[in-house]
Amino acid sequence: MASSSNLDEYMAKKKNMKRTLSNITQLENKVFTQPPRYENDTEFFKSVILKTQERLLSIIKDPNFGPDKNRVFCSVARKFLGDLNNLIYYTATTRKDKFETGKIIGDELVENSTITFFCKTILKSEKDLPALSEAAKVCVDILNDIANYSAAVCRTCMDYKGMLRFIREALEMWRKPLHSGQLSPEHANHMYTFVGLVHNSCMCCTTVTATVRSSGIIKVLKEILLYPDLSNEYGMMVVAAIADIMDEGDSDSVLRKDDDYKWVRLFIDHLKEAVKCPVLQHNGWFSFECGRVLRQLSCFDANKMILVDLHTLPALVELARINEEICLFEAVTALSQLAFEPGAQKAMIEDGEGQTILLLFALAKDCTFQEIREIARGTIWTMAIPLRGSPTYGPQVTSLFSKKTRGHIMISYSREQRQVLQDIRAELEANKFTVWMDVDRMRGDVYERMAEAVENAAVVILAMSRSYKMSEYCRREAAYAGKLNKQVIPLKVEKDYDPDGWLGIMTAGSFFYDFGRKSFKSVMAKLLHELQHLAYRQGEGVDSRRKSPEAAIPTSAVPEPPPIQLSSSMTYSSQNNRIASQTSRVTYMSRKKFRDIDKQTFQEWLDNYQLPRDRFESLRPKDILFLARMKDEAPESYYSIGRRLFKDKSDPLLKTRIMADLTEALDDLV
């Protein structure tokens with residue numbers, strides 16, 4: 001009898017569970033299949049996401065679901081994923097509408113903390129690695145899909161504490177059996193999905209790129225790519241993720257001569273096939289995605305001629321013929337990056353029927369998208385010198401750009417560092433300098449204004465940072481300033497960035513002012529002093545060349561500039577700042593000139609700063625310059641060496657006095 005009672009109880013529970021699951025399915029079907037009854041689609045989507053969110057969270061929090069709660073959650077979540085894609089692909093008609101719809105849904109998921117919940121669920125699966133729980137699988141799939149559309153989803157996911165570490169460790173666990181040929185198909189699929197999540201996040205939200213790169217994921221991705229039997233499907237996804245976060249030194253991992261540039265060729269071939277397809281897709285890759293990978297690779301100088309030699313130009317031209325903003329952006333931006341390479345310029349100009357140049361002129365004049373017009377004009381502007389020599393293209397270049405005359409200091413910068421550059425501009429203007437900064441003046445034709453700014457600048461200030469180096473706009477400004485032999489003063493405005501690639505080459509050997517690591521007020525004072533003798537001032541004009549110390553001494557032809565006036569927020573004692581004081585001693589000397597001084601001049605330099613000869617007689621000018629560089633880049637090491645070199649038991653304060661005099665002397669080596 002007891003046994004029969006237990007059986008009846010079991011059957012009742014089973015029946016109730018089936019009814020519960022049936023009710024869930026009916027509820028979800030009702031939510032997703034009922035026609036919109038709202039004024040616009042946005043309200044409908046919000047109502048759908050809100051109901052789904054409430055249902056998913058109620059499943060997790062409801063204690064009555066017991067051990068079956070994960071199964072029920074996965075069922076509802078899978079249903080949500082399918083209906084999510086249906087809403088995006090069947091409700092929206094154009095690609096732009098699809099992305100806008102996906103963004104609405106993704107942003108709503110962020111606002112109501114669903115994305116945060118998905119991240120938590122994934123991290124709970126850490127103990128199951130290299131396997132994943134069913135709940136974690138569905139959460140990763142949803143994140144991977146929605147990351148295509150919403151930057152808010154990408155930021156929330158990539159910034160969630162522990163997420164990038166989890167992805168890196170999971171990829172590392174799957175990499176080892178992959179190389180030994182023992183990776184199961186299920187785990188291979190997990191690896192592909194996580195790599196896709198990284199790629200989609202970086203593609204949709206470029207601001208997470210630095211965070212992803214700093215996590216060390218790129219190292220694992222490069223090792224995965226070395227597996228010789230990696231399928232085209234998996235390999236292309238890995239290459240796309242690497243291209244999103246790669247830096248100058250990572251190019252050889254993707255463009256490898258030993259495999260005949262296999263992966264780049266695949267993207268070029270997929271792009272050619274995708275542009276022929278009505279849905280602009282080939283083997284799961286959209287045409288703009290292929291164009292984006294090629295655009296990312298084209299940012300690095302070492303890749304440019306390789307891409308040209310692999311016949312990337314015709315594929316990009318075909319992509320640019322598609323009248324969709326996202327396709328045009330990827331194609332024209334890639335051409336813009338390639339145009340910085342003289343060999344690529346030549347290939348574009350000599351291109352068969354001149355398709356590339358003709359396309360750029362057409363887009364620059366008639367494209368309906370303003371940003372695309374500006375990029376196309378900028379590409380032509382980059383190639384203006386060789387194009388002006390052509391009887392075919394010369395008149396067209398002249399008609400695009402005009403010139404005006406005005407003297408100023410131009411600040412060339414990336415918007416990520418806008419605040420510090422605005423502070424610098426304020427100090428320059430307080431000292432009567434005329435400053436051009438595009439936050440104020442970039443109106444109308446962007447490249448006409450940019451040309452005016454560079455052509456008529458007495459001095460061009462380059463604010464060096466990683467984002468500056470990666471920007472085609474910034475590179476164009478810097479390159480044009482170089483072509484015109486403008487006086488360029490580089491500033492470091494990002495603490496942990498040392499200029500590399502084209503920016504490193506352009507500024508190699510140049511003295512720079514380090515606003516990234518040093519005190520703003522002290523560096524600003526030195527910059528102001530140099531600019532007094534280089535730049536156009538209100539009511540005064542001086543030679544725009546960066547002069548030697550002797551040439552910079554005011555003469556009767558050039559009146560002595562007034563003392564530097566720092567703003568009240570930047571008060572600086574003139575007693576401790578020889579830059580602002582009036583002295584008869586000529587102390588400033590360029591580092592380049594100091595390297596070549598003879599022994600007598602070196603001793604006079606020591607006496608000038610009251611540096612004891614007996615302590616410095618064994619050092620060369622080259623050694624002093626090494627100490628100056630150490631002071632700039634590794635101050636802790638500089639002071640540590642100074643304490644050891646100048647230690648004196650009979651006079652404990654001697655080392656302090658010598659270090660103070662030496663530091664002052666090194667500060668004057670500009």
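Okay, let's start with what a helix axis is here: a line fitted to the C-alpha atoms over the stretch in contact, with angles running from 0 to 180 degrees between N-to-C directions. Keep that in mind, because this is a predicted model and we'll be talking about helix pairs for most of it.

So, first pair. Take α17 and α20, where α20 covers residues 355-366. Their axes sit 10 Å apart, and the packing angle is about 30°. Angles under 35 degrees count as roughly parallel, and α17 and α20 are therefore roughly parallel to each other. As for the hand of the crossing, α17 and α20 cross in a left-handed way. Who's touching whom? On the α17 side you have V317, E318 and A320, and on the α20 side Q355, T356 and L359. Sort the residues of that contact and you get three nonpolar, two polar and one charged.

Now stay on α17, residues 312-320, and look at another partner, α15, which is residues 287-297. The axes of α15 and α17 come within 11 Å, and they cross at roughly 140°. That's an angle in the oblique class, so α15 and α17 are oblique to each other. The crossing of α15 and α17 is left-handed. From α15, the residues in the contact are S287, F288, G291 and L294, and they meet T312, L316 and L319 of α17. In the contact of α15 with α17 there are four nonpolar residues, three polar ones and no charged ones.

Just ahead of α15 there's a little detail worth clicking on. N283 sits in the loop between β1, 281-282, and β2, 285-286. Its phi is near 50°, so we have a positive value in a residue other than glycine.

Let's jump back towards the start of the chain, to α5, residues 114-123, and α6, residues 134-146. Here the axes are 8 Å apart and the angle is about 135°. That makes α5 oblique to α6. Once more the hand is easy to state: the α5 and α6 crossing is left-handed. The list of contacts goes like this: α5 brings I115, F118, C119, T121 and I122, while α6 brings A135, A136, C139, V140, I142, L143 and I146. And what's the mix in the contact of α5 with α6? Eleven nonpolar, one polar and no charged.

While you're in that area, find the loop between α5 and α6, because P130 lies there. What kind of peptide bond joins L129 and P130? A cis one, with omega at about 5°.

Last stop: the holes. How many cavities of 30 Å³ or more does the structure hold? Two. The largest cavity has about 130 Å³ of space in it. Around it there are 13 lining residues, and the ones nearest its centre are F511, F512, K518, K526 and D632. Several elements supply at least two lining residues each: β7 (513-514), α30 (520-532), α34 (621-633) and α36 (654-667). What's in that lining, by class? Six nonpolar, no polar and seven charged.

So, if you want to take a look yourselves, here's a route. Begin at α17, with α20 roughly parallel to it and α15 oblique to it. Then go to P130 in the loop between α5 and α6, and finish at the largest cavity, with F511 and F512 among the residues nearest its centre. Thanks, everyone.

How values were computed. Residues numbered from 1 in each chain as written. Predicted model: local features only at pLDDT ≥ 70, side-chain atom pairs only at ≥ 80, totals over all residues. Heavy atoms only, no water. Helix = DSSP H or I, 4+ residues; strand = E, 2+ residues; numbered from the N terminus. Parallel < 35°, antiparallel > 145°, perpendicular 65-115°, else oblique. Left-handed = near helix turned anticlockwise from the far one by under 90°. Contact = heavy atoms within 4.5 Å. Nonpolar A, V, L, I, M, F, W, Y, C, P; charged D, E, K, R; others polar. 1 Å grid on protein atoms, 1.4 Å probe; cavity = no way out; pocket = protein on both sides within 12 Å on 5 of 7 lines; lining within 4 Å. Points joined across faces, edges and corners; volume = space filled by probe spheres on them.
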